[in-house]
Protein chains: 2
Amino acid sequence: MHTYRSMGDILNQSKAEDWRALDPANTLYLETEKGRVVIELAPEFAPKNVANIRALVKEGYFDGLAMIRSHDNYVAQWGDPNEKREFKKAAKKVDGEFTVKFKSDASFTRLPDSDGYAPQVGHVNGFPVARDPKTQTTWLTHCYGAVGVARGNETDSGNGSSLYAVIGHAPRHLDRNITVVGRVMFGIELLASLPRGKAPLGFYETEEERTPIKSVRLAADVLESDRTKLVVFRTDTANFQALIEAQRNRGGEWYKFAANHIELCNVPIPVRLIP
Amino acid sequence: MHTYRSMGDILNQSKAEDWRALDPANTLYLETEKGRVVIELAPEFAPKNVANIRALVKEGYFDGLAMIRSHDNYVAQWGDPNEKREFKKAAKKVDGEFTVKFKSDASFTRLPDSDGYAPQVGHVNGFPVARDPKTQTTWLTHCYGAVGVARGNETDSGNGSSLYAVIGHAPRHLDRNITVVGRVMFGIELLASLPRGKAPLGFYETEEERTPIKSVRLAADVLESDRTKLVVFRTDTANFQALIEAQRNRGGEWYKFAANHIELCNVPIPVRLIP
């Protein structure tokens, strides 16, 4: 008899302690006419950039701005199409945080499979990460849904006023080249299904093409009744390791060949809406 | 001085012999109200399934059908929403061609980097492929834009009447589990930007949600003046190997860290429209 325990089984049998709630102080609501995109920030991986994004959000920087770019199989990007809006308190230049020192192994669930882009990969607190034991550095990876800080050629030329989300095959060559600040936890399809921009790099040429952003708010600044109640599957549990194994070797009636491998960006990190 | 030769440089300096035209007898035009999607079939990797798809197209099977599914970060799928349309000459069951025997090394450009899902990966005639020298088998991989034959649990339950295209991070665990018949060469953004379906697995629930398919035709059956003149960068040349190297180690002003690695599905296979 087949005793394969699928991801579905694992999630159905999961308990409350297998999930954690998002932290409202580090959760952004990007509001569009088609709905809300929920982004969780990871300040431990990019403290300065996350602080500046929070400052921008607090001063209402993004309200009334727009999606400025939809580059097929790459990124959707938002910000000020005219690059004229003034900053109040937020900084114009923020040091790039392409990697950070890691403190301990405690929260890292290492993937059993090798990775071509980094010595080690795995998960920390619901984020797909890479690390290099030699340099004791770690970084958030550019998996689908990763949110990063657009920059120019100078490493401190980004400030969080223009952000992008990965909507295609993971551009892992961007890892260690740009600051990743978090990931989309809900509503990525609203960004991924935007019509592509026709100008070079997928930028939109006209105002009519751009999807307006009503506002970006911290969840902590939104009435509790208006918050999106999300929980994310914990990545530091035996059940997460079972989920990885289920995905490394898929069973059931449909699969005829089990890969015995999983690539970091193919590992699902389940998120649930709490009714 | 920096002497980095970028992909842009390589393409700008390329000559006519670096490109090949698509074969009209193995090119499909999927016509939607938003435009044409061009798919190149690879009969050497799936002869029976490609033959049946050509038979379906010849009998007008797809005309007036619809996009039936848009599953975020996974696939867009088309076919008969009602599963009632009758076949004229095409077969109802076609053997799965999940792998095929390979004949020679001549056309295979091997990628220098390792791959977690297969012993060897590289390119054959513009398609990203994997192979296993032990079993002497090769297969088309599920990179972005790959087109495959939907099937049920039985390996011969697919017939090409419902096809999908990969629109997200490569689901390489599908490799060797399903028949891949080709890849989207032009217009993938029309499939990738479809609104996602709300039913399980991204299926659409209502007719209103579905994007109609006007027709699917073989390019060879379309007036030459109405064809999309495309050329694809040859993958059996020194210039393609230079392109891979440029992408493995990106230079220029913007990149601060070169990966010295590229994952198969991150290798661009440039396609150009001939005016």
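# Questions on a Predicted Model

Q: Which description, buried or exposed, fits A:D113 and A:R248?
A: Both A:D113 and A:R248 are buried. The word applies under 20% relative accessible area, while over 50% is exposed and the range in between is partly exposed (1.4 Å probe, protein chains only). The model is predicted, so local features need pLDDT of at least 70 and side-chain atom pairs pLDDT 80 or more, whereas totals for chains, interfaces and linings use all residues. Residues are numbered from 1 along each chain as its sequence is written, chains are lettered from A and ligands numbered from 1 in the order in which they are written, and side-chain values use heavy atoms, without hydrogens and water.

Q: Why is the meeting of A:D113 and A:R248 called a salt bridge?
A: The term requires a side-chain nitrogen of Lys or Arg within 4 Å of a carboxyl oxygen of Asp or Glu. The two side chains meet at 2.8 Å, N to O, which therefore satisfies the limit. A:D113 lies in the loop between β7 (108–110) and β8 (120–124) of chain A and A:R248 in helix α4 (residues 238–248), 135 residues apart. Helices (H or I, at least four residues) and strands (E, at least two) are DSSP runs, numbered from the N terminus.

Q: What makes A:R217 and A:D63 a salt bridge?
A: Their side chains also meet at 2.8 Å, N to O. A:R217 belongs to strand β14 (residues 213–218) and A:D63 to the loop between α2 (47–58) and β4 (66–70) of chain A, so the pair ties together parts 154 residues apart in sequence. With a relative accessible area of 32%, A:R217 is partly exposed.

Q: How do you know that B:K58 and B:D221 form a salt bridge?
A: The side chains meet at 3.0 Å, N to O. B:K58 is in helix α2 (residues 47–58) and B:D221 in the loop between β14 (213–218) and β15 of chain B, so parts 163 residues apart in sequence are tied together. B:K58 counts as exposed at 53% relative accessibility; B:D221, at 43%, is partly exposed. Elsewhere, B:D115, B:R172, B:D175 and B:E263 are joined into one network by salt bridges that share partners. The whole structure has 23 salt bridges over all chains.

Q: Why is the relation of chain A to chain B that of a two-fold axis?
A: A turn of 180° and a shift of 0.0 Å along the axis lay chain A on chain B with an RMSD of 0.0 Å. That is the relation of a two-fold axis. The superposition is by least squares on the C-alpha atoms of residues with pLDDT of at least 70 in both copies.

Q: How do you know that the copies meet through the same surface?
A: Of the interface residues of chain A, 100% are also interface residues in chain B, so the copies meet through the same surface.

Q: What do the buried residues of α4(A) pack against?
A: They pack against α1 (7–12), β7, β8 and β15 (230–233) of chain A, where contact means heavy atoms within 4.5 Å. The buried residues of α4(A) include A:F240, A:L243 and A:I244.

Q: How much space lies in the largest cavity?
A: About 180 Å³ lies there. A cavity is a set of points on a 1 Å grid over the protein atoms alone where a 1.4 Å probe fits but cannot get out, and lining residues have an atom within 4 Å of a point. Among the 18 lining residues, A:G116, A:E263, B:G116, B:H261 and B:E263 are closest to the centre of the largest cavity. The structure holds ten cavities of 30 Å³ or more.

Key. 1 Å grid on protein atoms, 1.4 Å probe; cavity = no way out; pocket = protein on both sides within 12 Å on 5 of 7 lines; lining within 4 Å. Points joined across faces, edges and corners; volume = space filled by probe spheres on them.
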